[in-house]
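Please work through the exercises below with the sequence and the model at hand, and attempt each task before turning to its solution.

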Amino acid sequence: MNDLRFQKKLSKAKIYAYRLLTYRSRSCMEMMERLKRKGFSERIIASVINDLKEFNYLDDREFSRMFVETRFSANPCGRKLIEQELMKRGVEEGIIRDTCEEAFIGGKEYELASALAARKLSRYKGLDVKTKWNRLFGLLCRRGFPLGVVKEILSEVLSNEI
């Protein structure tokens, strides 16, 4: 009888986990937290996580790669911010380091920041140079781009404005 109840709860947990994965991929920690929040026991959560890993539905390395790709296309940001967001989602430091080294190879951070600054600059028409500089500086720093890259891009982008 006890085994039958366990199987029912396990089945319910798996269905819930699969449903979550239809919306977007998740890290192992995110999935654990969602299952915990739903009230499933540690034993059931461990079983579901193992099954999902076994069938490659949960893979933190692949999750972090997809996360970075999505971030680059939808809302570009620097390495620092991506590292923070992946840490918050429970991805291991080694995986984060490898993913970021792969993603930010060959001046990618500079390209992203430059494109973002150029795109945002068109919104600031009619403002004085100092205000443009302040707004772009704040935006690029909040997005996690390194200070050196930010200053270089601002001097480049705003040199035409002076």
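Four exercises with worked solutions follow.

The model is predicted, so local features need pLDDT of at least 70 and side-chain atom pairs count only at pLDDT 80 or more, while totals for chains, interfaces and linings use all residues. Residues are numbered from 1 along each chain as its sequence is written, and side-chain values use heavy atoms, with hydrogens and water left out.

**Exercise 1. Helix 9**

Task: Compare the expected span of helix 9 with the distance between its end C-alpha atoms, and determine where its buried residues lie.

Solution. Helices are DSSP runs of H or I with at least four residues, numbered from the N terminus. The expected span is 1.5 Å times one less than the number of residues, so the twelve residues of helix 9 (residues 147-158) should span 16 Å, in agreement with end C-alpha atoms that are 16 Å apart. Next, taking buried as under 20% relative accessible area, exposed as over 50% and partly exposed as in between (1.4 Å probe, protein chains only), the buried residues of helix 9 are V149, V150, I153, L154, V157 and L158. Seen down the helix axis, these buried residues fall within an arc of 130° (taken from the directions from the axis to the C-beta atoms), so they line one face of helix 9. Finally, the buried residues of helix 9 pack against helix 7 (108-121) and helix 8 (129-142), where contact means heavy atoms within 4.5 Å.

**Exercise 2. E156**

Task: Is E156 buried or exposed, or in between?

Solution. E156 lies in helix 9, and its relative accessible area of 42% makes E156 partly exposed. As a further step, E156 and S114 are 42 residues apart in sequence, and their C-alpha atoms are 9.0 Å apart in space.

**Exercise 3. N56**

Task: What is the sign of phi at N56, and in which loop does N56 lie?

Solution. Most residues other than glycine have a negative phi. N56 is not a glycine, yet its phi is positive, at about 60°. N56 lies in the loop between helix 3 (42-54) and helix 4 (60-74), and its 62% relative accessibility places N56 in the exposed class.

**Exercise 4. S27**

Task: Locate S27, and list the residues that S27 touches beyond four places away in sequence.

Solution. S27 sits in the loop between helix 1 (2-23) and helix 2 (28-37), and with a relative accessible area of 0% S27 is buried. Setting aside residues up to four places away in sequence, S27 touches L58, D60, F63, R89 and V91.

Technical notes: Helices (H or I, at least four residues) and strands (E, at least two) are DSSP runs, numbered from the N terminus.
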